[in-house]
Amino acid sequence: MKTVIITGVTGQDGSHMVDFLLKNTDYNIIGTVRRLSVPNHQNIAHIKDPRFKLAHMDIGDPQSVNNTVQEYKPDYFINFAANSFVGTSWEMPVVHMQSNCMGVLYQLEAIRKFAPKCKYYNAGSSEEFGDVAYVPQDENHPLRPRSPYGASKASARQIVKVWRESYGLYAVQGWLFNHEGTRRGQEFVTRKITKGVADIVKSLGSNQIPRPIELGNLSAKRDWSDAEDFVEGVWLMLNQNEPKDYVLSSNETHTVKEFVELAFAAAEIEGFWLGESGTVGEVFVHKQFKYPLVVVNPKFFRPAEVDILLGDSSKARKEIGWSPKTSFYRLVKKMVSNDLENSLDKSK
Ligand code: G4F
């Protein structure tokens, strides 16, 4: 029986990967977790399969990484653990570099020493493309990060490449464009919007004036997909004859504004924009009651922005047979429905 180690197992991607592997393989899965005073295990609380086990490991502690790899001698090691929120990476650049880059180095060294046949995946990002040179971005696009987060992922990519080429490890790092879902953290813009919409529905239902959702740059364009589709792409990337890095993306781009419009429409709330587009005075207003539903707060602007991300995943589609199944519209609808259900549950 093969063994897969997954880090970041309590997060969105890690937990979906566990679900995917339990469903599609007969492998044992070790999910590594840091000790926390208050555990954050809600994304894996539903997993009862005895093939899934938790182990303590801290990606910042090379000794603990060595011990874990030495003990389990995994066949696959999937690193989803990271400081993944771009917005805070300017506030804590060192910690982002340590976890997102040095953490990868510790893992590759442990694999080189104790499990050299292990297939390794590190979560790469379209943020590595940053200040984009062309649209759409494919595997040949240069690395031009715009945030400490993007820089940490671009550095990790070089480490993965060097360890692959120097030691013959099967080590890959995909460029994953934005991927979302019902397990997304609430600080990311998509979940912030869908949760905000659900709160507004609840307020309107109890005849209260709703609290508007406060957002930053409404004009940013992102290529959003469903995280559940992406874990399959990661698994395909790990199971090629030769290790190769691929872009995973929907090949569509939408503004934050479009996401807002679709999310309110999914909750059957009609609204319209007022104020000059691209300014802090822009506001999305309830059509009937004229309440502000979305306002701009400059606090959420970033010191440097990635204006447009649009992926070209044609290589992954052709060479590893991957394709996303969930449309942008279905993704927004699924996230809004989930947050509406949660908010109804809580009010019972
Ligand atoms: O949802 P976001 O915070 O995601 P971002 O920065 O694109 O990063 C995500 O995708 C990357 C892949 O491209 C991953 F590597 C990374 O780990 C993460 O999963 O922001 C999306 C866009 C940005 O342009 C941001 O400026 O939304 C804009 N935005 C506008 N108002 C906001 C807000 N973002 C957040 N988080 N909060 C706002 O209020």
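I take a disulfide to be a pair of cysteine sulfur atoms within 2.5 Å. The model I examined is predicted: local features need pLDDT of at least 70, side-chain atom pairs count only at pLDDT 80 or more, and totals for chains, interfaces and linings use all residues. Residues are numbered from 1 along each chain as its sequence is written, and side-chain values use heavy atoms, with hydrogens and water left out.

**Entry 1: cysteines**

I applied the disulfide rule and obtained a count of 0. I then looked up the sulfur of Cys101 and found the closest cysteine sulfur, that of Cys118, 19 Å away, which is too far for a bond. Searching from Cys118, I found that its closest cysteine sulfur is in Cys101, again at 19 Å and too far for a bond. I also checked burial, where buried means under 20% relative accessible area, exposed over 50%, and partly exposed in between (1.4 Å probe, protein chains only). Cys101 is buried, at a relative accessible area of 6%. Cys118 is buried as well, at 1%.

**Entry 2: strand E2 and its partners**

I took helices (H or I, at least four residues) and strands (E, at least two) as DSSP runs, numbered from the N terminus. Two strands pair if DSSP finds at least two bridges between them. Strand E2 covers residues 28-33, and I noted that 5 of its 6 residues are buried. I found E2 joined to strand E1 (residues 3-7) by 5 bridges, in parallel. Within this pairing, Thr7 has Thr32 of E2 as its bridge partner. Strand E3 (residues 52-56) also runs parallel to E2, through 5 bridges. There I located Ile30 opposite Lys53 of E3.

I next traced the connection from E1 to E2. Together with helix H1 (residues 12-24), these strands make a right-handed β-α-β unit. Right-handed here means that, with the strands pointing away from the viewer, the path from the first strand over the helix to the second runs clockwise.

**Entry 3: the sheet containing E8**

I recorded an open sheet of 4 strands in the order E8-E15-E14-E13, with mixed pairing. Its edge strands, E8 (213-215) and E13 (271-274), each pair on one side only. I noted that neighbouring strands of this sheet are turned by 20° against each other on average, direction ignored. E8 pairs with E15 (residues 292-296) in the parallel sense over 3 bridges, and Leu215 stands opposite Val296 in E15.

Finally, I looked up helix H5 (residues 189-205), which lies across E8, E14 (283-286) and E15, at about 155° to E8. Contact means heavy atoms within 4.5 Å. Axes are lines fitted to C-alpha atoms, for helices over the stretch in contact, and angles run from 0 to 180 degrees between N-to-C directions.
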